[in-house]
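Work through the exercises below with the sequence and the model at hand. Each task is followed by its solution.

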Amino acid sequence: MRKPVGMLKELVWFILAYGLSQFYRACLAVFAPVLQQDIGLRPDQVSTALGIWFLCFAAMQIPVGWLLDHRSPRLMAVTLLSLGGGLGAGLFAFAQGPLGVYVAMGLIGIGCSPVLMTGFYVIARTASPAHFGTYAGLILGLGSLGNVAAAAPLSFSMSLIGWRATLIALAVLTLCVAFALYRSVQDPPRVDREVHPSARMRDLLRLRPLYPVLLIAMVAYAPAAGLRGSWIGSYLTETFGATPAQIGAGTLWMAFAMIAGALAFGPMDRLIRSPKIIVAGSAALALLGVLALWLTSGRALGLAILCFIVIGFFASNFPQVMAHGRKLIPQELMGRGVTLINLFSIGGVGLSQMITARLFVLGSEGAGYDFVFGYYAVSLMIGVVVYLLFARDPG
């Protein structure tokens, strides 16, 4: 086990790298108005672009998990972040239509795919299990400052140098962070394959108690990520006629709520020994926020932003979802186990983005957003009920 001081030095760079991942998944909500004006990107196409980011990210989790267990986590994370994230941001800067944005977001999703799981894997292999939730919460919470940067600071940069120059600067920043990871992070000791020679993915899939955790991971994060990442900007604009400053403020407050939620839920298992109670309770409260947003849609700008804040805070329970799953996964399958949970979480967001994009188009005039909110409410309700009935509490 590494000493906490040494671990914290590495956490700094994982936090910065994850901050970039958070930025890229949230920036489209702020880019959306100017992309619509400059290259004709519609709200449903913005949702599709974000869905592509999440689906590409999710598709990479299986190879990322195998590479974590069998190759150098550091080199894998650095290579993908450089080639995917840096190149994708550069291509985005020169996009001339929806296709260019789709390709760029897909590449960025691939580039960001190993960052969080590499951090979690290093923590799981080198830190005390009692500190896993706290360290995971630090990465998720402080890394979510990238979400904040994708609000008012991004708006300021766009107004100062334009959206294309902003993306070029982001490409350079991504390459710099990748280089810092290469120089600063150490790989954990490898698992002895002579002791666990037969550990395969199928052994992980035989862990039936893991299945309810995968389901709640699939639906718990989707409302916050989807609403913050694509829908909040166009919803506030089209429903309330919100100004860019009001959109920036709304996205900023939701981003702060997501940071506060991740930081709060990270160490919560030291106060409440049952991860099942923490996950189910927070998901149920997030559901109340989604229901309130759905049922009061169009009533008042302040009320809508309050609902977004509630959803952002209580849907940021991923540290405890991961902590629950981690306790069910053996050491020799840790890399593939944590990435499988992340696959369901991120894949759930991508799938939800594709579905909500179609529902928005199908909705009659003025009802598209009601369809979006209704989908999030129903899917989260199903996930909470199944998790409560079938999840086994390891605490």
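**Exercise 1.** Is Cys112 buried or exposed?

Solution. The model is predicted: local features need pLDDT of at least 70, side-chain atom pairs count only at pLDDT 80 or more, and totals for chains, interfaces and linings use all residues. Residues are numbered from 1 along each chain as its sequence is written, and side-chain values use heavy atoms, with hydrogens and water left out. Buried means under 20% relative accessible area, exposed over 50%, and partly exposed in between (1.4 Å probe, protein chains only). Cys112 has a relative accessible area of 1% and is therefore buried.

**Exercise 2.** Find how many disulfides there are, and account for Cys112 and Cys176.

Solution. A disulfide is a pair of cysteine sulfur atoms within 2.5 Å. The count is zero. For Cys112, the nearest cysteine sulfur belongs to Cys27 and is 9.6 Å away. For Cys176, the closest cysteine sulfur is in Cys112, at 15 Å, which is too far for a bond. Cys176 is partly exposed, with a relative accessible area of 47%.

**Exercise 3.** List the salt bridges and classify the accessibility of each partner.

Solution. A salt bridge is a side-chain nitrogen of Lys or Arg within 4 Å of a carboxyl oxygen of Asp or Glu. The rule gives two salt bridges.

- Arg42 pairs with Asp44 at 3.1 Å, N to O. Arg42 is partly exposed at 43% relative accessibility, whereas Asp44 is buried at 8%.
- Asp203 pairs with Arg206, with the closest N and O atoms 2.6 Å apart. Asp203 is partly exposed at 23% relative accessibility, and Arg206 is exposed at 52%.

**Exercise 4.** Describe where the buried residues of helix α4 lie and what they pack against.

Solution. Helices are DSSP runs (H or I, at least four residues), numbered from the N terminus. In α4 (residues 61–70), the buried residues are Gln61, Val64, Gly65, Leu68 and Asp69. Seen down the helix axis, they fall within an arc of 130°, so they line one face of α4; the arc is that of the directions from the axis to the C-beta atoms. Their packing partners are α3 (43–59), α5 (73–93), α7 (115–126) and α19 (334–362), where contact means heavy atoms within 4.5 Å.

**Exercise 5.** Check the span of helix α16 and name elements that cover its buried residues.

Solution. The expected span is 1.5 Å times one less than the number of residues. For the 21 residues of α16 (residues 275–295) this gives 30 Å, and the end C-alpha atoms are 30 Å apart, which agrees. Its buried residues include Pro275, Ala283 and Leu293. Among the elements covering the buried residues of α16 are α13 (210–220), α15 (244–265) and α20 (368–390).

Definitions and conventions. Helix = DSSP H or I, 4+ residues; strand = E, 2+ residues; numbered from the N terminus.
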